[in-house]
Amino acid sequence: KKYASRRKLYTEDAPHLLPNIPAMTEKSLAVSRNLLQSRQPKTIRSEGLRASAIKTVDQFGRVNLVETSVDIRGEENGLSPEQKEVIFQVLRESLSNIRKHSQARNIAVTLDLSAIPWVMTVRDDGRGFDVRRVAEDPRKAGSYGLVGMRERAELLGGTFEIVSQVNEGTTVTLIGPPDLL
């Protein structure tokens, strides 16, 4: 009997709630965006890109028992804050994907800031995957992180590439814009 009264209440409230759904959805989206933004580490601002990248890769290796190497060439001074943030977020997402899917034993991160465009590569020796399958319908394959990395690169005027072969590992490459305007 208690369930029936609740059901009746919801049914009666439905016509009044329906017009509010778009506003409720927008509010939920705003809260989600704020949560995602608050999860971004502050270390890149306080420590700089170089130190943050080295620290992040080092911690990843220790926590996940993976051998890591980081090679950063050039200076980050010529990069905009947006470029630094995109580089760092693509690095973090690449490491997250390695942790979730790769079963890698070795990871090598290279960031060459000495040339224009700058280039970052993240290589692992893990399981790899079929890039064509994911490219056909990335959202269906559940690869929102890959879509997000590609979108971040494109917003900067850069490019994002993935090369992977099953049982041979994956290489993620982020290439900056052709100039630093």
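User: How much of the chain is buried?
Analyst: Of the 181 residues in the chain, 34% are buried. The model is a predicted one.

User: And the surface, how big is that, and what share belongs to carbon and sulfur?
Analyst: The accessible surface of the chain is about 12000 Å². Carbon and sulfur atoms account for 54% of that area.

User: How many helices and strands are there?
Analyst: There are seven helices and five strands. Along the sequence the pattern reads α-α-α-α-β-α-β-β-α-α-β-β.

User: What share of the contacts is between residues 24 or more positions apart?
Analyst: Among contacts with a separation of 6 or more, 66% are between residues 24 or more positions apart.

User: Let's take α5. What length does it have?
Analyst: Helix α5 covers residues 81-102, which is 22 residues. From first C-alpha to last it reaches 30 Å, close to the 32 Å expected at 1.5 Å a residue.

User: What comes just after it?
Analyst: Glutamine 103 follows α5 and has a positive phi of about 60°.

User: Which strands go with α5?
Analyst: β1, α5 and β2 form a β-α-β unit, and the unit is left-handed. The strands β1 (residues 67-73) and β2 are paired in the parallel sense, with seven bridges. In one of these pairings, valine 70 has valine 109 of β2 as its bridge partner.

User: Pick a residue inside α5. Is valine 90 buried or exposed?
Analyst: Valine 90, which sits in helix α5, counts as buried because its relative accessibility is 0%, and the cut-off for buried is under 20%.

User: What does it touch?
Analyst: Leaving out residues up to four places away in sequence, valine 90 touches Met120, Met149, Phe160, Val172 and Leu174. Take Met149 from that list: the C-alpha atoms of valine 90 and methionine 149 are 5.7 Å apart, with their positions 59 residues apart in sequence.

User: Met149 is in which helix, and what else is buried there?
Analyst: Met149 is in α7, where the buried residues are Gly145, Leu146, Val147, Met149 and Ala153.

User: Does the span of α7 agree or disagree with what 13 residues should give?
Analyst: It agrees. Helix α7 (residues 144-156) should span 18 Å at 1.5 Å a residue, and its end C-alpha atoms are 19 Å apart. Just after α7 comes glycine 157, with a positive phi of about 90°.

User: Phe160 was on the valine 90 list too. Which way do the side chains of its strand point?
Analyst: Phe160 is in β4 (residues 159-165), where the side chains alternate. Phe160, Ile162 and Ser164 point to one face and are buried. Thr159, Glu161, Val163 and Gln165 point to the other face and are not buried.

User: Why would they alternate?
Analyst: In a regular strand, side chains go to the two faces of the sheet in alternation.

User: What does β4 pair with?
Analyst: β4 is joined to β5 (residues 169-175) by seven bridges, and the two run antiparallel. Valine 163 is opposite threonine 171 in β5.

User: What about the turn in that hairpin?
Analyst: Three residues lie between the strands of the β4 and β5 hairpin, and asparagine 167 takes a positive phi near 65° there. This is a positive value in a residue other than glycine. Asparagine 167 counts as exposed because its relative accessibility is 64%, and exposed means over 50%.

User: Which other residue has a positive phi although it is not a glycine?
Analyst: Leucine 65 is one, with a positive phi of about 55°. Leucine 65 is in the loop between α4 (49-64) and β1, and at 76% relative accessibility it counts as exposed.

User: New topic. Where is the cis peptide bond?
Analyst: It joins isoleucine 116 and proline 117, with omega at about 0°. Proline 117 is in the loop between β2 and β3.

User: Last one: aspartate 125. Where is it and what does it contact?
Analyst: Aspartate 125 is in the loop between β3 (119-124) and α6 (131-136). Apart from neighbours within four places in sequence, its contacts are Ala104, Arg105, Asn106 and Gly169.

User: What are the polar partners of its side chain?
Analyst: A polar atom of the aspartate 125 side chain lies 2.8 Å from the backbone nitrogen of arginine 105. The aspartate 125 side chain also makes a polar contact of 2.8 Å with the side chain of asparagine 106.

Terms used:
Residues numbered from 1 in each chain as written. Predicted model: local features only at pLDDT ≥ 70, side-chain atom pairs only at ≥ 80, totals over all residues. Heavy atoms only, no water. Helix = DSSP H or I, 4+ residues; strand = E, 2+ residues; numbered from the N terminus. Expected span 1.5 Å × (residues − 1). Buried < 20%, exposed > 50% of the residue type's maximum accessible area, 1.4 Å probe, protein only. Contact = heavy atoms within 4.5 Å. Polar contact = N/O pair within 3.5 Å; in protein donor to acceptor, adjacent residues only side chain to side chain. Pairing = 2+ DSSP bridges. Right-handed = clockwise from strand over helix to strand, strands pointing away. Areas by Shrake-Rupley, 256 points an atom, 1.4 Å probe, with all protein chains shown as cover.
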